[in-house]
Amino acid sequence: MDEKTRRIWAGLVGYANGTATAALIRATIADCMGWIAATMPSDVFDPMLVEGDLSKQAEAYRPSVEILLRFLCSAPRSEERNSLRAAALDFLRQHGEHIRGRVFREAYFAEEHLRNLNYTPDELENLKKQTKRIFNRAQYEIYHRGQPTLVGEDSLPLGLLIPSRGYEDLADPICDFLSSEYEKYLNSEVNRKDKKAAPLIPLFVCPSCKKLVMPKRVGRRHHCSECSDQARAEKYRQKASPNEGKDYAWLYHLLRQESDTRKARLRQQKVQQRLGEIKSRQKNSRRCQGLLQALRL
Ligand SMILES: [Zn+2]
């Protein structure tokens with residue numbers, strides 16, 4: 001998975017979970033659009049990405065995007081898959097109709113509205129160069145002293161037109177991205193008959209807190225990071241010897257004693273015996289091991 005695709009999935013998870021900022025949502029949408037964002041004239045583009053309208057649309061579409069993502073990562077034949085199917089398909093179909101396949105748009109570069117999106121300075125520079133190249137190579141009309149005049153070398157058959165896509169609202173580029181990922185998945189399944197295809201989507205639902213999660217590596221985690229920290233702590237508590245608390249208190253008391261008293265006690269056989277027991281049974285207790293070290297034992 002390339003860096004940009006990973007960025008989009010992570011952005012969509014944040015959006016669906018309701019934790020993404022307006023800036024992250026805007027950047028994710030722009031990432032979904034890619035080059036298309038740079039071909040959209042401001043009258044189409046602005047209402048979609050201007051702050052006020054963006055947050056209104058983002059709020060309106062969030063539940064549907066969440067349903068769609070949960071549907072896509074649900075288990076086959078699960079109750080979740082069955083219960084989400086109708087709503088997810090409705091949403092995809094509705095916005096699929098808005099996505100007007102191939103449209104041709106004139107090359108267009110407006111740095112001021114691209115600056116707020118997710119492009120790196122390099123990408124911006126490339127878009128600028130690409131647009132300039134198209135203008136240099138196309139033939140187009142300019143008005144010279146009130147007269148329309150054709151300029152340009154005409155070496156690009158389509159002139160200033162470049163293939164782009166039509167979008168109407170914020171959900172369209174998201175549905176378009178998810179549909180094309182689905183298409184990629186179907187193609188990769190065909191191409192990898194022998195091997196297991198990569199998972200359809202790199203997300204899962206945390207079984208503990210039910211949030212959507214994008215793991216750093218696919219298949220590595222089964223819980224979100226917060227829940228797996230909790231699960232680890234719980235496992236540790238279960239694994240810890242039942243005497244752990246008492247042993248810890250005993251060591252702590254020993255550490256706090258005057259050094260002469262402690263030395264005298266350490267010479268006693270029953271004290272030595274308990275120390276030996278603690279050392280072996282509290283191997284997994286980080287706090288007991290810490291005290292043993294402090295006692296230099
Ligand atoms: Zn969780």
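**View 1. Glycine 18 takes a positive phi of about 80° just after helix H1.** The model shown here and in the other views is predicted. H1 (3-17) comes before this glycine. The helix has 15 residues. From its first C-alpha to its last, H1 reaches 21 Å, close to the 21 Å expected at 1.5 Å a residue. Its buried residues are Ile8, Trp9, Gly11, Leu12, Val13, Tyr15 and Ala16. In an α-helix, residues three or four places apart point the same way, because there are 3.6 residues a turn.

**View 2. The largest nonpolar core has 36 residues.** Leu12, Val65, Leu68 and Ile174 have the most contacts inside this core. Several elements each supply at least two of its residues: helices H1 (3-17), H2 (22-33), H4 (51-72), H5 (79-98) and H8 (171-191), and strand E6 (212-213). Leucine 68 touches Ala88, Phe91, Leu92 and Leu178, leaving out residues up to four places away in sequence. Nonpolar side chains tend to be buried together in soluble globular proteins.

**View 3. A second, separate core has 5 residues.** Leu251, Ile278, Cys288 and Leu291 are among them. Tyrosine 248 lies in helix H10 (residues 244-256). Beyond its neighbours within four places in sequence, tyrosine 248 is in contact with Arg287, Cys288 and Leu291. Tyrosine 248 has 18 C-beta neighbours inside 10 Å, so this residue counts as partly exposed; a buried residue needs 20 or more. Leucine 292 is 44 residues from tyrosine 248 in sequence. Their C-alpha atoms are 9.5 Å apart in space.

**View 4. Strands E1 and E4 pair in the antiparallel sense.** E4 covers residues 161-166, and 5 bridges join the two strands. Arginine 100 has glycine 166, in E4, as its bridge partner. Of the 7 residues of E1 (residues 100-106), the number buried is 0, so this strand lies largely in the open.

**View 5. Helix H3 (residues 42-49) has the lowest mean pLDDT among the elements of the protein chain.** The mean for H3 is 60. H5 has the highest, 94. Over the protein chain the mean pLDDT is 85, and 89% of the residues reach 70 or more. Where pLDDT is low, the predicted coordinates should not be read in detail.

**View 6. The protein chain contains 13 helices and 6 strands.** Buried residues make up 23% of its 297 residues. Among contacts between residues at least 6 apart in sequence, 62% join residues at least 24 apart.

Terms used: Residues numbered from 1 in each chain as written. Core = buried A, V, L, I, M, F, W, Y, C linked by C-beta atoms within 7 Å. Buried ≥ 20, exposed ≤ 12 C-beta atoms within 10 Å, placed from the backbone. Helix = DSSP H or I, 4+ residues; strand = E, 2+ residues; numbered from the N terminus. Contact = placed C-beta atoms within 7 Å. Expected span 1.5 Å × (residues − 1). Pairing = 2+ DSSP bridges. pLDDT = per-residue confidence, 0-100.
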